[in-house]
Amino acid sequence: MEAQPYALRRAFRSLSLAACQDVAQEAYLQVGVKAAAGDLAPDTNVMAYLRLAARNLAVDRCREQQRGRQLVLTGGDASDHVPDPRALADEDRAVLQELVIPAIEEMPASLRRQVVALQSRGRSDVEIATELGIPAHRLHNLRNKAVAHLRRNLAGHIRDGHRKKKHGERDR
């Protein structure tokens, strides 16, 4: 266990040695608690399990640092990437009312449905995330999955050339 912080430092250059020492200590404590509680299988190689736990915690720490760095680089209100709502033309408003909103209402009741319902009303990312109490990255994930769901359900109404191509399918 004494060499683990140095091994983590070699593998994760963005982490300081102190952070690697913290990660190794945290892994040691977590695995120790799990072993003491009898949650490890009897044939578990504890040292290998400990190294893997330390590595996973280091990956989490790197991702956490990366998220923080992205927010600093983008500045200001980084979670609000959607431009100001534009004025909808009458044709767009009709499509929204006749096709999109009913398709959203047919979606299973979930956070996905809530996200696209709020967005279709012109709410910004910050407003939606605040109202639902979710972080920005979760909001983006939910919205992407909801849009993919709606795109599949409304595929017959999407003009040729505007549909997403499926992998392995040619547009001819």
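This is a short group-meeting talk about one protein model and how its parts fit together.

Hi everyone. Before anything else, please keep in mind that what you're looking at is a predicted model.

Let's start with the overall layout. What does the secondary structure come to? Seven helices and zero strands. If you walk along the sequence, the pattern reads α-α-α-α-α-α-α. The protein has 172 residues, and 23% of them count as buried. The accessible surface is about 12500 Å², and carbon and sulfur atoms own 50% of that. And here's one about contacts: take those with a sequence separation of 6 or more, and 54% of them come from residues 24 or more positions apart.

Okay, on to the helices themselves, beginning with α1, residues 4-11. Which residues of α1 are buried? They are Q4, P5 and L8. Those residues cover an arc of only 100° around the axis, so they sit on the same side of α1. If you haven't met this idea before, here's the background. An α-helix has 3.6 residues a turn, so residues three or four places apart point the same way.

You can look for a similar thing in α6. There, the buried residues are D125, I128 and A129. Looking down the axis of α6, you'd find its buried residues within an arc of 95°, so they line one face of the helix. What covers them? The cover includes α5, which is 111-120, and α7. And right after α6 comes G133, with a positive phi, near 70°.

Now for the salt bridges. How many does the structure hold? Three. I'll take them one by one.

One of them pairs R61 with E26, and the closest N and O atoms are 3.7 Å apart. R61 belongs to helix α3, residues 46-74, while E26 belongs to helix α2, so this pair ties together parts that are 35 residues apart in sequence. Are these two buried, or partly exposed? R61 is partly exposed, with a relative accessible area of 23%. E26 counts as partly exposed too, at 31% relative accessibility.

Another salt bridge joins D125 and R143, with 2.9 Å between the closest N and O atoms. We've just met D125 in α6, which spans residues 125-132, and R143 is in helix α7, residues 136-153, so the pair ties together parts that are 18 residues apart in sequence. Which category do these two fall into? Both D125 and R143 are buried. So when you look at the inward side of α6, remember that D125 is on the list of buried residues there.

Then there's R123 with E131, where the closest N and O atoms are 2.6 Å apart. R123 counts as partly exposed, because its relative accessibility is 32%.

Let's move to the cysteines. How many disulfides does the structure hold? Zero. C20 is in no disulfide, and the nearest cysteine sulfur, that of C62, is 7.7 Å away. Why don't the sulfurs of C62 and C20 make a bond? At 7.7 Å, the sulfur in C20 is too far from the one in C62, because a disulfide needs the two sulfur atoms within 2.5 Å.

And where are these cysteines, in terms of burial? C20 is buried, with a relative accessible area of 1%. C62 is buried as well, at 17%, and the cut-off for buried is under 20%.

Stay with C62 for a moment. You'll find C62 in helix α3. Leaving aside its neighbours within four places in sequence, C62 is in contact with F12, S14 and L15. Take L15 from that list: C62 and L15 are 47 residues apart in sequence, but their C-alpha atoms are 6.9 Å apart in space.

Last stop, the outside. Which residues form a nonpolar patch on the surface? M1, Y28 and L29, and together they have about 300 Å² of accessible area. Y28 lies in helix α2, residues 17-36. Y28 counts as partly exposed, because its relative accessibility is 47%.

So, to pull out what I'd like you to take home: seven helices and zero strands, three salt bridges, and zero disulfides. When you open the structure yourselves, try finding D125 and R143, the buried pair, and then turn to M1, Y28 and L29 in the nonpolar surface patch. Thanks, everyone!

How values were computed
Residues are numbered from 1 along each chain as its sequence is written. This is a predicted model: local features need pLDDT of at least 70, side-chain atom pairs count only at pLDDT 80 or more; totals for chains, interfaces and linings use all residues. Side-chain values use heavy atoms; hydrogens and water are left out. Patches are made of residues with over 30% relative accessible area and no salt bridge: like charges are joined within 9 Å, nonpolar side chains (Val, Leu, Ile, Met, Phe, Trp, Tyr) within 5 Å. Accessible areas come from the Shrake-Rupley method with a 1.4 Å probe; for residues, only the protein chains shown count as cover. A salt bridge is a side-chain nitrogen of Lys or Arg within 4 Å of a carboxyl oxygen of Asp or Glu. Helices (H or I, at least four residues) and strands (E, at least two) are DSSP runs, numbered from the N terminus. Buried means under 20% relative accessible area, exposed over 50%, partly exposed in between (1.4 Å probe, protein chains only). Contact means heavy atoms within 4.5 Å. The arc is that of the directions from the helix axis to the C-beta atoms.
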